[in-house]
Amino acid sequence: SILFLVPLVFSSDHFFKFNTPKTLIVFGLVIVSSVFYLIDKIKDQKFKIFINPIFISSFIFMIMLGVSSFCGVDPKNSFLGLSNVVPVVALFALFVYAQILASLIRQDKSLISKALLTMFLSGIVSIIFFYTGLPEPLGKIDGSTTGNSSYLGAFILFAFASGVALFLYYKKIFYKIGIFLGLCFMVINPLFFSKDFLNFKIPFSEIFSNPMSVAGIANGAALGIFVTLVFSVILFLVYSKNKKIKFFGFVLSAVFISMLLFTGFSLTKEGSLINKVFVENKTNNRLVAWSIAKETWMENPLLGVGPNNFVYSFEKFYTQDFYKKGYAIERLTSPHNVFWEFSANTGTFGVVAYLLLVISTFFVFIKSATKREDGFFEIKIIMSSVILGYFIHNLFVFDTIISYTCLFTLIAIGSSFSCFYCFETDNKFVAYLKKFLIIVSLIGLVFLSKIFVLDLNRESVSMNNIMYKVVSMKDFAKE
């Protein structure tokens, strides 16, 4: 339900018509599922905690988010997200969601394909709305049910990878044909290719001289899909039983990683060809925002200013460069780069915790792919590749509640493949603890309903208040 509904739900009753309803869905379903899950465990009088690299890294990540929020410039904004951001409490909920889903997958591995299929079908529906538009008063929106084209592109990156994994996983030709048609419908559209290119209005000479003429409106997601597909092919070569093909795969992987690193360095080098292309297409304010994030990190190197608080740094450090000719003038709530975002907001500890989570998830899929007998080899290869594609994609955008939901779904799937210690107990103390957790969950549901339904229905007022607070804080006022 979470995987299918989160990308699709929206409501014009909220000021943030797309973000707030999705957050409410996450909270509601996670709390309800947690209650039923704990009730089931109480009946069994068994409770297991599976320890693995993903669980450890995700737990550390949650701790660092909490610590950074408490120590930041605006803890309330960090935890509850008064602007169009992902509140930290929503990430806590997704962490619980991942643990429950991983536990269920360990009992029934068929849930892996079902989860991926749900994500894939939700992607198909979101693309349908991309073409048809939404009901009034929203109408035609580039991001369909997600909010904007970048949000939609981030979701389609995961949905597309899920489709590719299912295409390779399913054995029946009828299923493969259906998945293939869905994949084509998902990516051959103006989201990833320009309308002129799709209408055959761009000559080949122009395509070779200006490749960006082919690009659609979600370039970051297109790059993520490209990286996912290329790295998937390389991994299949690496895991080949033929030694020559395996060696060739290792060589290709080294070349591919080197190209990614070279592209990254060239992007930030002023005057380089890649830098010029990026500036022309994204108006150089992204690079200025990265510079602001760097200054924020240097001033708060350990814990940052707190999640979702980049807007404070923006108001403090922004320069007149934002008003140069050709630049986009906008107030940025994120530096549009996951590395600099976590560096500025959560400091060195936070960005290391985030990287640890992504890397551990990646390597768990890589390592588990050596075990082909469970029948999920293809899925493991694609999932490890989309983790890399997701990270590359996020070097140009930022996470949303949708992309985080997809990421934590992959975390759950990866966790189900890994365990180096299982803590199990059935004593009475744990039984009482479970009942206590259920009571706390019910209280939390009431509390969060009040916060997110009553308070966030007045989001426009909240957003104006926080912006006023930003520009009026003496410690963060621009001289």
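Let's start at Ser334, which sits in the loop between helix H15 (310-317) and helix H16 (338-368). The model you are looking at is predicted, and this loop is a good place to enter it. Although Ser334 belongs to a loop, its relative accessible area is 4%, so it counts as buried. Setting aside residues up to four places away in sequence, Ser334 touches Phe310, Glu341 and Phe398.

The loop between H15 and H16 also holds His336. With a relative accessibility of 11%, His336 counts as buried. Its backbone is worth a look too: phi of His336 is near 60°, a positive value in a residue other than glycine. As background, most residues other than glycine have a negative phi. A second residue to look up here is Asn308, which has a positive phi of about 70° although it is not a glycine. You will find Asn308 in the loop between helix H14 (285-299) and H15. Asn308 is buried as well, at 12% relative accessibility.

Now let's step back to the whole protein. Its secondary structure comes to 20 helices and two strands. The protein has 479 residues, and 52% of them count as buried. Among contacts with a separation of 6 or more, 75% are between residues 24 or more positions apart. On the outside, the protein exposes about 22,800 Å², and carbon and sulfur atoms supply 68% of that area.

What lies inside? The largest nonpolar core has 98 residues, and Met186 and Phe408 are those with the most contacts inside it. Helix H5 (residues 88-107) gives the most to this core, with twelve residues. Another core lies apart from it and has eleven residues, among them Ile292, Ala293, Leu332 and Ala344.

Met186 is a handy residue to select if you want to see the packing around one side chain. Leaving aside neighbours within four places in sequence, Met186 is in contact with Phe120, Gly123, Ile124, Ile127, Ile156, Ala159, Phe160 and Phe192.

For a helix that is covered from end to end, turn to H18 (residues 401-416). Of its 16 residues, 16 are buried. How does the span of H18 compare with what 1.5 Å a residue would give? The 16 residues should span 22 Å, and the end C-alpha atoms are 23 Å apart, so the two values agree.

The surface has its own nonpolar feature. Ile173, Phe174, Tyr175, Ile177, Phe180 and Leu181 form a nonpolar patch there, with about 690 Å² of accessible area together. One of these residues, Ile177, lies in helix H8 (residues 173-187). Ile177 has a relative accessible area of 46%. That value makes Ile177 partly exposed rather than exposed, because exposed requires over 50%.

Charged side chains bring us to another kind of pairing. Side chains of opposite charge can pair when their charged atoms come close. How many salt bridges does the structure hold? There is one, and Lys380 forms it with Asp374, the closest N and O atoms being 2.6 Å apart. Are the two partners buried or exposed? Lys380 is buried, with a relative accessible area of 1%, whereas Asp374 counts as partly exposed at 33%. The cut-off for buried is under 20%, so Lys380 falls below it and Asp374 does not.

Finally, let's visit helix H11 (residues 219-238), which contains Val230. Val230 is partly exposed, with a relative accessibility of 24%. Its C-alpha atom is separated by 9.5 Å from that of Ser253, a residue 23 positions away along the chain. Helix H11 also holds Ala222, which counts as partly exposed at 26% relative accessibility. For Ala222, the partner to find is Ala154: the two residues are 68 apart along the chain, and their C-alpha atoms are separated by 9.1 Å.

Terms used:
Residues numbered from 1 in each chain as written. Predicted model: local features only at pLDDT ≥ 70, side-chain atom pairs only at ≥ 80, totals over all residues. Heavy atoms only, no water. Salt bridge = Lys/Arg side-chain N within 4 Å of Asp/Glu carboxyl O. Buried < 20%, exposed > 50% of the residue type's maximum accessible area, 1.4 Å probe, protein only. Patch = residues over 30% accessible without salt bridge, like charges linked within 9 Å, V, L, I, M, F, W, Y side chains within 5 Å. Areas by Shrake-Rupley, 256 points an atom, 1.4 Å probe, with all protein chains shown as cover. Helix = DSSP H or I, 4+ residues; strand = E, 2+ residues; numbered from the N terminus. Expected span 1.5 Å × (residues − 1). Contact = heavy atoms within 4.5 Å. Core = buried A, V, L, I, M, F, W, Y, C linked by side-chain atoms within 4.5 Å.
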